[in-house]
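Dear colleague,

Here is the structure for you to look over. My notes on the contacts follow below it.

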Number of protein chains: 2
Amino acid sequence: MTREKDINQMLKDHGLSSTETRRTILGFFHAADKALAHADIETMGTVPLDRVTIYRTLQSFVEKGLLHSIPSADNAVRYALCKDHCADGHHHDNHVHFMCDQCSRTYCLDEITIPRIKLPLGFTACQTDLVVSGVCKTCQS
Amino acid sequence: MTREKDINQMLKDHGLSSTETRRTILGFFHAADKALAHADIETMGTVPLDRVTIYRTLQSFVEKGLLHSIPSADNAVRYALCKDHCADGHHHDNHVHFMCDQCSRTYCLDEITIPRIKLPLGFTACQTDLVVSGVCKTCQS
DNA sequence: AGTCCTTTGCAACAGTGTTGCAAAATATTT
DNA sequence: AAATATTTTGCAACACTGTTGCAAAGGACT
């Protein structure tokens, strides 16, 4: 399978050794068109994955620039694939996130860039997160 | 004391009976120039407050429009006083929040309004949260 | 294949938030 | 002001989220 090979390559490109759990979890993210939380991943596979391993996998994926985390008001951090990578690997996403109040799906709106914010004197920005919540395209019937 | 009386009035104006814990917690928010998390409140008073009571108090304050909650990437929801209230009580804040990476202080930048975001077709916005993180005016030395 | 290093899985723990229920405090009525 | 009704508190217990340490298993490399 080409996808298998792609996932393998993706891990190695980011300096991660290719293990079964990592391939599985990265596969979940490629299959899903939405952001995933730890709890989602725990129940997604046919064989249940170890909780701790998932935490550590997500952590290393974020560190190596494969995933980015999305803050939320409901205290459940979600993760999504990083689509564009800078050369240095350390890459700050700058797109808007959308979270559906009805189905809890979280989307990366890659095409919408966060506008530049002018901070008061004395404040220096490092990262900016913009999360819009409401009703998503699937729930809008 | 006038402040005591103000706090009392504030509670009643929002349809909450005036109890000692509520007066204490509301007092904390008036004294602080920053957003407070549950953990902060737990250790602030001379007499320790019950954890559950704090949760319930914060909840009712948010429901009645006294406080608003601020999402964060570090999974610790913070709360801050609502400064302007609509007539109906149900009031959506629309200002930018700033969180310091060094001291973890969270500020409401009331003077900066969140720019309007144009969502893709099919998405309807209900609330928009914008959190900037970096170095605050106090840590900037 | 053998060695080295990383990752996994388990147990245990710490923090965050919720629920149920009896006792206490507040509000309301007389 | 006392009695009653209602709300809030504090405790115990629980569920969920996330972390750490350590021995065993798995990948990487020569």
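**DNA strand D**

A polar side-chain atom of R56(B) is placed 2.5 Å from a base oxygen of DNA strand D. Please keep in mind that this is a predicted model. A second contact with a base comes from the other chain: a polar side-chain atom of R51(A) lies 2.9 Å from a base nitrogen of DNA strand D. The backbone is reached too, with a polar side-chain atom of T19(B) 2.9 Å from a phosphate oxygen of DNA strand D.

These three residues, R56(B), R51(A) and T19(B), are among the five that come nearest to DNA strand D, and the other two are Y55(A) and R22(B); 17 residues surround the strand. By class they divide into three nonpolar, eight polar and six charged. Two or more residues of this surface come from each of α4 of chain A, α2 (20-31) of chain B and α4 of chain B. The element that gives the most is α4(A), with five residues. Of the atoms of DNA strand D within 4 Å of the protein, 62% belong to sugar or phosphate, and the rest belong to bases.

**DNA strand C**

There are 17 residues around DNA strand C, and the nearest are T19(A), R22(A), R56(A), N75(A) and Y55(B). Sugar and phosphate make up 61% of the atoms of DNA strand C that come within 4 Å of the protein.

In chain A, a polar side-chain atom of R56(A) is 2.5 Å from a base oxygen of DNA strand C, while an N or O atom in the side chain of R22(A) is 2.8 Å from a phosphate oxygen of that strand. From chain B, Q59(B) has a polar side-chain atom 3.3 Å from a phosphate oxygen of DNA strand C. The elements that give two or more residues to this surface are α2 (20-31) and α4 (51-63) of chain A and α4 (51-63) of chain B. Here the largest share, five residues, comes from α4(B). The surface near DNA strand C has three nonpolar, nine polar and five charged residues.

**Chain A against chain B**

The two protein chains touch through 36 residues of chain A and 36 residues of chain B. The area buried between them is about 2700 Å², and carbon and sulfur atoms give 64% of it. N75(A), I117(A) and F123(A) supply 19% of the area that chain A buries against chain B, more than any other three residues. N75(A) is also one of the residues that come nearest to DNA strand C.

Between the chains there are 14 residue pairs in polar contact (both at pLDDT 80 or more), but zero salt bridges are found across the interface. On the chain A side, β4 (95-100), β5 (106-113) and β6 (124-135) each supply at least two residues. The largest share, twelve residues, comes from β6(A). The chain A side divides into 22 nonpolar, nine polar and five charged residues.

β6(A) also pairs with strand β6 (residues 124-135) of chain B, in the antiparallel sense, over eleven bridges. Within this pairing S133(A) stands opposite Q127(B).

**A sheet in chain B**

Chain B has an open sheet of three strands in the order β1-β3-β2, with antiparallel pairing. Its edge strands are β1 (36-37) and β2 (67-70), each of which pairs on one side only. Four bridges join β2(B) to strand β3 (residues 78-81) of chain B, and one of the facing pairs is H68(B) with A80(B).

Regards

Methods. Residues are numbered from 1 along each chain as its sequence is written. Chains are lettered from A and ligands numbered from 1 in the order in which they are written. This is a predicted model: local features need pLDDT of at least 70, side-chain atom pairs count only at pLDDT 80 or more; totals for chains, interfaces and linings use all residues. Side-chain values use heavy atoms; hydrogens and water are left out. A residue is near a molecule or strand if one of its heavy atoms lies within 4 Å of it. A polar contact is a pair of N or O atoms within 3.5 Å; within protein, one must be able to donate a hydrogen and the other to accept it, and residues adjacent in sequence count only if both atoms are side-chain atoms. Ala, Val, Leu, Ile, Met, Phe, Trp, Tyr, Cys and Pro count as nonpolar, Asp, Glu, Lys and Arg as charged, and the others, Gly among them, as polar. Contact means heavy atoms within 4.5 Å. Buried area is the accessible area (1.4 Å probe) that two parts lose on being put together, summed over both. A salt bridge is a side-chain nitrogen of Lys or Arg within 4 Å of a carboxyl oxygen of Asp or Glu. Two strands pair if DSSP finds at least two bridges between them.
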